[in-house]
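Got your viewer open? Let's take a walk through this model, one selection after another.

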Amino acid sequence: MKLVSVYHGEEILLGLQSAKGILVPLRGMLQIEPNDASMFSDMVAFIKAGNDARRVARRLIDEAPASAWQPLE
């Protein structure tokens with residue numbers, strides 16, 4: 001898993017890149033607990049959240065439907 005920046009209109013969102021493509025947790029296609037959403041607000045928040053953020057990110061990557069993935073360009 002790599003962290004990437006993804007442009008969404010004029011907003012820059014945190015993306016998770018894996019072999020499946022890029023997953024953007026805050027685009028609304030995934031079920032994220034309200035307490036977990038803040039750790040995906042930007043890369044600094046994700047890094048500060050440490051192991052908790054990585055655990056949630058792995059779960060999202062494993063459970064995300066195909067429609068939630070953006071292809072690698």
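Before you click on anything, here is one term for the road: two residues are in contact when they have heavy atoms within 4.5 Å of each other. Keep in mind, too, that you are looking at a predicted model.

**Stop 1: Ser 18**

Let's try that term out straight away. Select Ser 18, which has its place in strand β2. Which residues is Ser 18 in contact with, leaving aside its neighbours within four places in sequence? Show Ile 61, Trp 69 and Leu 72, and you have them. Is Ser 18 buried or exposed? Its relative accessible area is 15%, and buried means under 20%, so Ser 18 is buried.

**Stop 2: the whole chain**

Now zoom out and switch to a cartoon view. You should be able to pick out three helices and four strands. Start at the N terminus and follow the elements along: they run β-β-β-α-α-α-β. The radius of gyration is 11 Å, close to the 11 Å that the globule rule gives for 73 residues, so the protein is as compact as a globular protein of that length.

Turn the model around a bit. Along its principal axes, the C-alpha trace spans about 30 × 30 × 20 Å. Put a surface on, and the protein exposes about 4,800 Å², with carbon and sulfur atoms supplying 50% of that. As for what's hidden, 37% of the 73 residues count as buried.

Fancy some colour? Colour the charged side chains: there are 8 positive and 9 negative ones, and the centres of the two sets lie 7 Å apart.

**Stop 3: Ile 22**

Next, select Ile 22 in strand β3. With a relative accessible area of 14%, Ile 22 is buried. Not counting residues up to four places away in sequence, Ile 22 touches a good list of partners, including Val 4, Val 6, Leu 16, Ala 68 and Trp 69. Try your distance tool here: how far apart in space are Ile 22 and Leu 3, C-alpha to C-alpha? You should get 9.2 Å, for two residues 19 apart in sequence.

**Stop 4: the largest nonpolar core**

Time to look inside. The largest nonpolar core has 16 residues, and those with the most contacts inside it are Leu 16, Leu 23, Leu 30, Phe 40, Phe 46, Leu 60 and Ala 64. Show those as spheres. Then highlight β2 (11–18) and α3 (51–63), each of which supplies at least two residues of this core. Which element gives the most? That's α3, with five residues.

Apart from this core lies another one, of five residues, among them Val 4, Val 6, Leu 13 and Val 24. Give those another colour.

**Stop 5: Leu 60 and Leu 30**

Back to the largest core for the last stop. Pick Leu 60: beyond residues up to four places away in sequence, Leu 60 touches Leu 23, Pro 25, Leu 30, Gln 31, Ile 32 and Phe 40.

Now hop across to Leu 30, in the loop between β3 (21–23) and α1 (34–37). Leu 30 has 13% relative accessibility, so it counts as buried. Setting aside residues up to four places away in sequence, its partners include Leu 23, Leu 60, Ala 64 and Ala 68. Finish with one more distance: the C-alpha atoms of Leu 30 and Gly 9 are separated by 19 Å, with their places 21 residues apart along the chain.

Technical notes: Residues numbered from 1 in each chain as written. Predicted model: local features only at pLDDT ≥ 70, side-chain atom pairs only at ≥ 80, totals over all residues. Heavy atoms only, no water. Core = buried A, V, L, I, M, F, W, Y, C linked by side-chain atoms within 4.5 Å. Buried < 20%, exposed > 50% of the residue type's maximum accessible area, 1.4 Å probe, protein only. Rg over C-alpha atoms; globule rule 2.2 N^0.38 Å. Areas by Shrake-Rupley, 256 points an atom, 1.4 Å probe, with all protein chains shown as cover. Lys, Arg positive; Asp, Glu negative; His and termini not counted. Charge placed at Lys NZ, Arg CZ, Asp CG, Glu CD.
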